[in-house]
Structure formats: C-alpha cells, structure tokens
Amino acid sequence: METVVSGIRPTGNLHLGNYFGAVKSFIQMQNEYNCFFFIADWHSLTTRPKPENIINSACTILAEYLACGIDPEKATIYIQSDVKEILELYLFLNMNAYLGELERTTTFKEKARSQPDNVNAGLLTYPTLMAADILIHKAAKVPVGKDQEQNMEMARKFARRFNSMYDVEFFPEPASFSLAAKAVKIPGLDGSGKMGKSEGNCIYLHDDATTIKKKVMKAVTDSGPTQPNSEKPEVIQNLFTFLDIVSTKEAYDYYNEKWNDCSIRYGDLKKQLAEDITNFNAPIREKIREYSSNTGLLDKIALMGAEKARESAQKTIKEVREIIGFR
C-alpha cells in the first residue's frame, strides 16, 4: 500500500470550504493508502505564535479532524513536534540545500514581503522542513494545492540530491496528489472568490444555528431575475452551489424553478439554506464538542499517532545515518 503524507496547518477552526476540500479527501484516502496526517506546529513558529496558541491550535485541529471522520485506527494522525526524528532529517537535508534555490522559492519571497520584520531562517528553509516531513516516511504521494507545487518540486530535488550524493536509491521522489480534481470549491458568502478565513466569509463547522442563520441571511444577492431561464450571476450561483451540496434535490429543483420563472424569493431560499447547513453541521459540531471536552482522549490519540509515526521515522533515520556515515 502506497504511503501518503500531508501536513495540516494549525490555523484555527475548520469551515465548510476546508471540509469539502482537503478534509473530505483525507477521509477517502485513509481507506486507500497508508496515511500520515500531521499537525504542523513547527511550521507555525515562522510567524511567532504565543505558546498558548500553539497548544490550543493543535488541540482544536486534532478535535475537528477527528470529528469530521479521520479515524486514528486507519490513518496515523500526529503532532509534528512529537516526532523529533524529523528535525534530524531536516538538519541533514539543510546541509545539502543551497541559499540561492531557497531564496528563489515563491513562498519565501511572499512571506518576506508580508512580514518584513520577521524574515527568519525558518521561512528560508520552509521547503527543507516540508521535505523532511515527507521523506521521513518515504512517501509516494502528497496531497497539495497549487500553492505548494514549487515546494513539492524542491522535495523531489532534495530526494534526488541525497540519492545521487550517496550513490543510493533510498528516497522515492514524492508525487503531488492534486486535491483540485477531487475537492469541491465552496464559495464565500460575500459573493466573491472561495470561502476562506482571511476573507471573513466562512461558515465554520462549530457554528450554531443562530450564527449560521445570521451569516446566511447576510449573503450577497441581486435584485432578482428579469427574464425567464436566464443565466445566474456569480453571487446567486454561489447560493445554488450551497443548495446543491447541503440540501435535497427537491429543494434545489424547487428554487431553480423559481429562478427560471422569475418568482424566486431570496429570503425563503436563505432560510432553507440556513436550516440545511445547520442540519449538515449538527453531527460534526456535536462531535467537535465531545472531542474538545475530552482532553484525555485527545492526548491518548496524539500519543498513539506519535508512536506510530516515530516507528516509521526511526527506521528511516537509522538508515540515513548509516548511509551518511554516522553510527
């Protein structure tokens, strides 16, 4: 069974866009691959988070991924900082990573522009740590978005360089496993782009019925169709995309017919949508609450994941040391 590795950014709560994007894909992958999913708390240090934020973010993300359906018996889910072998491989890879190629990476240049007062070595060597995260388990595939493709090419380069330098065929070159083909693009409630935390247009999986209704009722609309069977503008198509995902076919067809005969009432559509999103969220929200309140269980799952991840990582590091020449 092929090994898949993917990092989870500890950047706060999950929203519907996350669920229908990466999370749903992860749930499917755990039944088809040997999966390692890790919460990338070391990566978060590049932005200087407070200690309590590191701990709270890791616990929040772990609880939410478990609530969504990640099964720790099927997939190895762990916190990055619990697997110290990653740092050793990070060191070895850094010794053969060159300043010029690291400075040319898009992610480094973008981060350097966005936080000019904190251009640290961790930002520069982000691709090396990412490569260590992947290569420590000798992954065959890595699910990534387009924004990480350059870093994936760097990981393949570091794997080739190690193999060539030591005349071995040790590290496989990990293939990018595009989420775009499987993921559903969830629009934002502001009528533009996709749902995202920075845009402030999210419905979070932990949102209650009152919060969801308040957000949905504020969703951007227009003055309504003036011609039968006309094409829906983006802001209205966004609402129908939500209907298609969380509502019944009968509900979708009903409002689609109302659009086509120009009798649609957006207030009614939004009430329907708010109710259906609430019903969709309810079981996940309840599981998030249960996991979040049971810190003992979260600790147990994190420890189990760390032990499984370390078993894999220790085997790789033992062989890497021998190849390089360390006892």
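The following dialogue reads the helix packing, the cysteines and several single residues of a predicted model.

Colleague: How many helices and strands does the protein contain, and what does its C-alpha trace span along the principal axes?

Modeller: As this is a predicted model, every value I give is computed from it. The protein has 13 helices and 5 strands. Its C-alpha trace spans about 75 × 45 × 40 Å along the principal axes.

Colleague: What share of the residues is buried, and what share of the contacts with a separation of 6 or more joins residues 24 or more positions apart?

Modeller: Of the 327 residues in the protein, 48% are buried. Among contacts with a separation of 6 or more, 78% are between residues 24 or more positions apart.

Colleague: How should I read the packing of two helices?

Modeller: Packed helices are described by two quantities, the angle between their axes and the distance between those axes. Consider helix 2, residues 51–68, and helix 12, residues 266–293. Their axes come within 8 Å and cross at roughly 135°. Helix 2 is therefore oblique to helix 12. The crossing of this pair is right-handed.

Colleague: Which residues of helix 2 and helix 12 meet, and how do they divide by class?

Modeller: On helix 2 the participants are Ala63, Glu64, Leu66, Ala67 and Cys68. On helix 12 they are Ile284, Lys287, Ile288, Tyr291 and Ser292. By class, the contact of helix 2 with helix 12 comprises 7 nonpolar, 1 polar and 2 charged residues.

Colleague: At what angle do the axes of helix 2 and helix 13 cross?

Modeller: The axes of helix 2 and helix 13, the latter covering residues 295–324, cross at roughly 85° and come within 11 Å. Helix 2 is therefore roughly perpendicular to helix 13. Helix 2 contributes Cys59, Leu62, Ala63 and Leu66, while helix 13 contributes Leu298, Ile301 and Ala302. The contact of helix 2 with helix 13 has 7 nonpolar residues, with no polar and no charged ones.

Colleague: Where is leucine 297 placed, and is it buried, partly exposed or exposed?

Modeller: Leucine 297 is in helix 13. Its relative accessibility is 32%, so it counts as partly exposed, the range between the 20% and 50% cut-offs. Leucine 297 and alanine 63 are 234 residues apart in sequence, and their C-alpha atoms are 9.7 Å apart in space.

Colleague: How does helix 1 pack with helix 12?

Modeller: Helix 1, residues 16–29, packs with helix 12 at an angle of about 65°, with the axes 12 Å apart. This angle makes helix 1 roughly perpendicular to helix 12, a class that runs from 65 to 115 degrees. The crossing of helix 1 and helix 12 is left-handed. Leu16, Tyr19 and Phe20 of helix 1 make the contact with Ile277, Phe280, Asn281 and Ile284 of helix 12. The residues in the contact of helix 1 with helix 12 comprise 6 nonpolar, 1 polar and no charged.

Colleague: How many disulfides are there?

Modeller: A disulfide requires two cysteine sulfur atoms within 2.5 Å, and by this rule the count is 0. Cysteine 35 is in no disulfide, as the nearest cysteine sulfur, that of cysteine 68, is 15 Å away. Cysteine 35 is buried because its relative accessibility is 0%.

Colleague: Why does cysteine 202 form no bond with the closest cysteine sulfur?

Modeller: The closest cysteine sulfur belongs to cysteine 68 and lies 14 Å from that of cysteine 202, which is too far for a bond. Cysteine 202 is buried, with a relative accessible area of 4%.

Colleague: Which strand holds serine 6, and is this residue buried or exposed?

Modeller: Serine 6 lies in strand 1, residues 3–8. With a relative accessible area of 4%, serine 6 is buried. Apart from neighbours within four places in sequence, serine 6 is in contact with Phe26, Phe36, Phe37, Phe38 and Pro143.

Colleague: What should I know about the sign of phi?

Modeller: Phi is negative in most residues other than glycine. Arginine 48, not a glycine, has a positive phi of about 55°. Arginine 48 occupies the loop between strand 2 and helix 2, and is exposed at a relative accessible area of 59%. Asparagine 229 also has a positive phi, near 60°. Asparagine 229 lies in the loop between helix 9 and helix 10, and is exposed, with a relative accessible area of 59%.

How values were computed: Residues are numbered from 1 along each chain as its sequence is written. This is a predicted model: local features need pLDDT of at least 70, side-chain atom pairs count only at pLDDT 80 or more; totals for chains, interfaces and linings use all residues. Side-chain values use heavy atoms; hydrogens and water are left out. Axes are lines fitted to C-alpha atoms, for helices over the stretch in contact, and angles run from 0 to 180 degrees between N-to-C directions. Helices (H or I, at least four residues) and strands (E, at least two) are DSSP runs, numbered from the N terminus. Angles under 35 degrees count as roughly parallel, over 145 as roughly antiparallel, 65 to 115 as roughly perpendicular and the rest as oblique. A crossing is left-handed if the near helix is turned anticlockwise from the far one by less than a right angle, and right-handed if clockwise. Contact means heavy atoms within 4.5 Å. Ala, Val, Leu, Ile, Met, Phe, Trp, Tyr, Cys and Pro count as nonpolar, Asp, Glu, Lys and Arg as charged, and the others, Gly among them, as polar. Buried means under 20% relative accessible area, exposed over 50%, partly exposed in between (1.4 Å probe, protein chains only).
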